[in-house]
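Visitor: Please take a close look at one part of this model, and then carry on from there to the rest of the chain. I would like the terms explained as they come up.

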Amino acid sequence: MLLLLFCIFVVRINAVDKIELVSREGQTFEKGVVTEIIQDNLQYDGSRVGEQLVRVEMKTGARAGQTLEMTSSSGYLFGAGCTEGMKVIVMQSVSGDSTVASVYAQDRETVIYVFAGLYLLVLCLVGGKQGIKGALGLVFTFFCILFVYLPLVYRGHSPFWVSVFICTITTVVTMYLIGGPTMKTLVATGGTVAGVCIAGLAATAFSAASGITGWNVSDIESLLTLWNTNGIQVGGLLFSGLLISSLGATMDVAMSIGSAISEIHAQTPDISRRELFRAGMRVGRDMMGTDSNTLILAFAGGSISMLVLDYAYDLPYLQIINSNNIGIAIMQGLAGSFGIVLSVPVTVLLAVFLYTLGRQKQSA
């Protein structure tokens with residue numbers, strides 16, 4: 001029944017008419033295969049300047065089966081360094097007998113699906129039954145981001161609270177799949193949601209103190225268009241992204257602590273609440289360092305290109321530490337780590353209370 005209601009909810013929120021920001025009338029993206037390089041732009045030093053002129057046999061679209069002559073910008077961001085036999089995506093506009101086409105990018109669709117499928121296969125083979133459940137949870141999370149988060153944000157709802165909703169529902173489903181309808185699942189879910197909310201509060205406090213907001217992101221110019229045309233609350237996107245990014249690590253900590261305390265309580269049912277709390281904190285302390293490291297390194301890895309440029313240009317320390325990009329990366333790493341660290345005592349307290357609740361009732 002819950003699944004049916006959720007599916008109806010998803011269908012309803014995706015029934016939205018999008019405002020056309022760019023006219024794409026007559027423009028389609030089709031598949032093709034490069035059959036000939038008419039003119040290359042490869043230089044002696046290995047760089048590419050200008051455009052390639054190629055022939056492409058179209059596989060889909062209005063010109064399927066025909067061979068078209070077109071250009072490929074062959075740059076680092078657009079086009080592709082075409083070679084004979086390469087599968088490409090063609091951007092074409094057809095009007096009657098006239099066709100304007102160019103190579104958009106190399107066709108990577110099959111590679112993406114194959115690698116995703118291999119990952120899920122390995123996850124299921126190594127993890128067995130639990131791996132299959134984990135794969136289902138991963139698919140559900142990805143589904144929620146695409147078909148719940150994006151439509152709700154597009155409709156003008158607060159990105160922060162939408163991400164809290166997404167984190168909550170994906171945590172409930174993932175934990176239920178892994179742990180079943182048990183007290184351990186309830187503990188892990190509560191600890192995860194608490195940790196994610198703490199990360200959001202820490203980011204909000206950092207934002208208020210430092211002046212860094214969701215309006216300081218690098219692509220704000222494009223986002224302002226969405227704000228003006230659709231009323232999308234672009235200022236909250238930065239913080240909602242932080243919540244979703246910290247979800248995985250927080251979920252890992254909460255489930256591990258919940259499982260450990262559950263096992264300790266099962267093996268020593270007469271253990272006192274104080275000793276159970278201390279045991280849970282010892283487990284949590286071993287985890288918080290590595291998981292905080294994981295989250296901070298993840299955000300640092302996303303900023304590595306910017307850091308290399310800053311180093312190469314030998315920018316002054318005061319310029320670097322006070323730049324918006326560095327401030328955002330620091331805020332994301334520290335706020336997420338706050339959520340992980342503080343989720344440990346919250347999860348331990350919740351576990352101790354719930355696991356010993358039955359003991360209290362029996363004594364009463």
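**From one helix outward**

Guide: Helix α3 is followed by Gly180, whose phi is positive, near 75 degrees. Helices here are DSSP runs of H or I with at least four residues, strands are runs of E with at least two, and both are numbered from the N terminus. The model is a predicted one, in which local features need pLDDT of at least 70 and side-chain atom pairs count only at pLDDT 80 or more, while totals for chains, interfaces and linings use all residues. Residues are numbered from 1 along each chain as its sequence is written, and side-chain values use heavy atoms, with hydrogens and water left out.

The helix itself covers residues 159-179, which makes 21 residues, and spans 29 Å from first to last C-alpha, close to the 30 Å expected at 1.5 Å a residue; the expected span is 1.5 Å times one less than the number of residues.

From here one can move to the largest nonpolar core, which has 56 residues. A nonpolar core is a set of buried Ala, Val, Leu, Ile, Met, Phe, Trp, Tyr and Cys residues joined through side-chain atoms within 4.5 Å, where buried means under 20% relative accessible area, exposed means over 50%, and partly exposed lies in between, with a 1.4 Å probe and protein chains only. Helix α3 is one of the elements that give two or more residues to this core, and others include α1 (2-13), α2 (109-154) and α6 (237-267). The largest share, 11 residues, comes from α6. Among the members that touch the most other members are Phe6, Cys144 and Val148. Leaving aside residues up to four places away in sequence, Phe6 touches Phe140, Phe143, Cys144, Val148 and Ile169, contact being defined as heavy atoms within 4.5 Å.

Apart from this core lies another, of 13 residues, among them Val56, Val88, Ala101 and Val103. Two of these residues also appear in the strand pairing: Val56 has Leu68 of β3 as its bridge partner, and Val103 in β5 stands opposite Ser72. Strands count as paired if DSSP finds at least two bridges between them. Strand β2 (residues 52-58) and β3 run antiparallel and are joined by 6 bridges, whereas β3 and β5 (residues 98-106) pair in the parallel sense over 2 bridges. Strand β1 (residues 27-39) pairs with β2 in the antiparallel sense over 6 bridges, with Glu36 opposite Arg55 in β2. Taken together, 5 strands close into a barrel in the order β1-β2-β3-β5-β4, with mixed pairing.

Within β3 (residues 67-72), Leu68, Met70 and Ser72 make up a covered face, while Thr67, Glu69 and Thr71 make up an uncovered one. In a regular strand the side chains alternate between the two faces of the sheet.

Elsewhere, Ser305 lies in helix α8 (residues 304-312) and is exposed, with a relative accessible area of 52%. Its C-alpha atom is separated by 32 Å from that of Arg285, 20 residues apart along the chain.

Over the whole protein chain there are 11 helices and 5 strands, and 37% of the 364 residues count as buried. The C-alpha atoms fill a box of roughly 85 × 55 × 40 Å, taken along the principal axes.
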